[in-house]
Amino acid sequence: MAAKPNITYVRGRGLVETTRLIFAVKDVEVTEDYITTKEQFENLKSSGKLMFQQLPLLEIDGLCLVESAAQAMYLGIKYDMLGSTEQEKGTVQMLFFGARSFYEVSGPFKLFKPLEEQGKFLENSMSKARNRFLPAFEKQLTENGTGFLVGPSATIADCALFNVLPNIQDEPAYGNLLDEFPKCKAFMETFTAIPGVKKYMASPRRFPLTDAAYVAEVNAALH
């Protein structure tokens, strides 16, 4: 029997959560190892598994894949989650990277900023969410008309978008922002209704949103 895919990362959602969500869509069982100390991280770097000396790491099919976008692209090919035509594949990849850009400016990252910069970061995040990213995804969901971004089922772009939206929904500073984008709000229900995703969301592998304790553990182990 082939080994299960294995993820190595810190104990949180972070950069690997889209990878986890892709596996969840396909209901693929994976194992995980968590890095909680600097010593563990240094030992892993010495193992030769981390091409660029960074996490997350996905071990699958004899490969050691770092770079979370590379992981998603590999899984998209493996599990046929990139779209069915050349045009769809191009759209899926554009939306995937757009969702990653959205994630990079979303609320949880404020906790990695100095306290005096967090208010400004969150203000900028809210502006970009309302004026730049959510309107684009709302339009795409409306035009596609299936509840997903491209085609009739979830792609890696849907996984990347879902990685962001709970940050918007659950961050008090955003208020009821998602109510202004009903297709995006409905998308969250559509995505979490996928059987494998529903199972993952109820499991202990689904970590809570980023908090100060997570930031402290990441800084202690990786920096």
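**Aromatic pairs, voids and backbone details in a predicted model**

Phe187 is buried, with just 1% relative accessible area. That places the residue well under the 20% cut-off for burial, and Phe191 goes to 0%, so Phe191 counts as buried too. The two residues sit four apart in helix H7 (residues 182-192), which puts about one helical turn between them. All of this comes from a predicted model, not an experimental one.

The aromatic side of the structure is a good place to carry on. Eight aromatic pairs turn up in total. One of them joins Phe23 and Tyr79, whose rings meet edge-to-face, at 6.2 Å centre to centre and with 70 degrees between the planes. Phe23 belongs to helix H1 (residues 17-25), while Tyr79 is in the loop between helix H3 (68-78) and helix H4 (86-104), so this pair ties together parts that lie 56 residues apart in sequence. Phe23 and Tyr79 are both buried. Back in H7, the ring centres of Phe187 and Phe191 are 5.8 Å apart and the planes make an angle of 35 degrees, so this pair is classed as tilted. The label follows because 35 degrees falls between the limits of 30 degrees for stacked and 60 for edge-to-face. There is also an aromatic cluster made up of Phe102, Phe133 and Phe137.

Helix H1 holds another residue worth a look, Thr18. With a relative accessibility of 10%, Thr18 counts as buried. Leaving aside residues up to four places away in sequence, the contacts of Thr18 are Phe96, Ile156, Cys159, Ala160 and Asn163. Asn163 shows up again further on, as part of a cavity lining.

Next come the empty spaces. A search of the whole structure gives one cavity of 30 Å³ or more, and the volume of the largest cavity is about 60 Å³. Its lining consists of Arg13, Gly14, Tyr103, Pro108, Asn163, Asn167, Leu209 and Thr210. Sorted by class, that lining has three nonpolar residues, four polar and one charged. The largest pocket has a volume of about 350 Å³. A total of 19 residues line this pocket, with Tyr9, Leu15, Phe112, Tyr214 and Val218 nearest its centre. Helix H9 (residues 212-222) supplies the largest share of the pocket lining, at three residues. By class, the pocket lining splits into 13 nonpolar, five polar and one charged.

Tyr9, one of the residues nearest the pocket centre, is also part of strand E1 (residues 6-9). In this strand Asn6 and Thr8 point one way, Ile7 and Tyr9 point the other way, and all are buried. E1 pairs with strand E2 (residues 31-34) in the parallel sense, over four bridges. Across this pairing, Ile7 stands opposite Glu32 in E2.

A few backbone details stand out as well. The peptide bond from Leu55 to Pro56 is cis, with omega near 10 degrees. Pro56 is in the loop between helix H2 (38-46) and strand E3 (57-60). Further along, Asp61 has a positive phi of about 55 degrees although it is not a glycine, and this residue lies in the loop between E3 and strand E4 (63-65). Glu67 likewise has a positive phi, near 70 degrees, and is also a residue other than glycine. Its place is the loop between E4 and H3. Glu67 has a relative accessible area of 36%, so this residue counts as partly exposed.

Last up is Met201, found in helix H8 (residues 195-201). Its relative accessible area is 29%, which means that Met201 counts as partly exposed. Apart from residues up to four places away in sequence, Met201 touches Phe162, Thr192 and Arg206. Thr192 falls within the residue range of helix H7 (residues 182-192). The C-alpha atom of Met201 is separated by 8.8 Å from that of Ala24, even though these positions lie 177 residues apart along the chain.

How values were computed:
Residues are numbered from 1 along each chain as its sequence is written. This is a predicted model: local features need pLDDT of at least 70, side-chain atom pairs count only at pLDDT 80 or more; totals for chains, interfaces and linings use all residues. Side-chain values use heavy atoms; hydrogens and water are left out. Buried means under 20% relative accessible area, exposed over 50%, partly exposed in between (1.4 Å probe, protein chains only). Contact means heavy atoms within 4.5 Å. Rings of Phe, Tyr and Trp (its six-membered ring) pair if their centres lie within 6.5 Å; planes under 30 degrees apart count as stacked, over 60 as edge-to-face and the rest as tilted. On a 1 Å grid over the protein atoms alone, a cavity is a set of points where a 1.4 Å probe fits but cannot get out, and a pocket is an open set with protein on both sides within 12 Å along at least five of seven lines; lining residues have an atom within 4 Å of a point. Grid points are joined across faces, edges and corners, and a volume is the space filled by probe spheres set on the points. Ala, Val, Leu, Ile, Met, Phe, Trp, Tyr, Cys and Pro count as nonpolar, Asp, Glu, Lys and Arg as charged, and the others, Gly among them, as polar. Two strands pair if DSSP finds at least two bridges between them.
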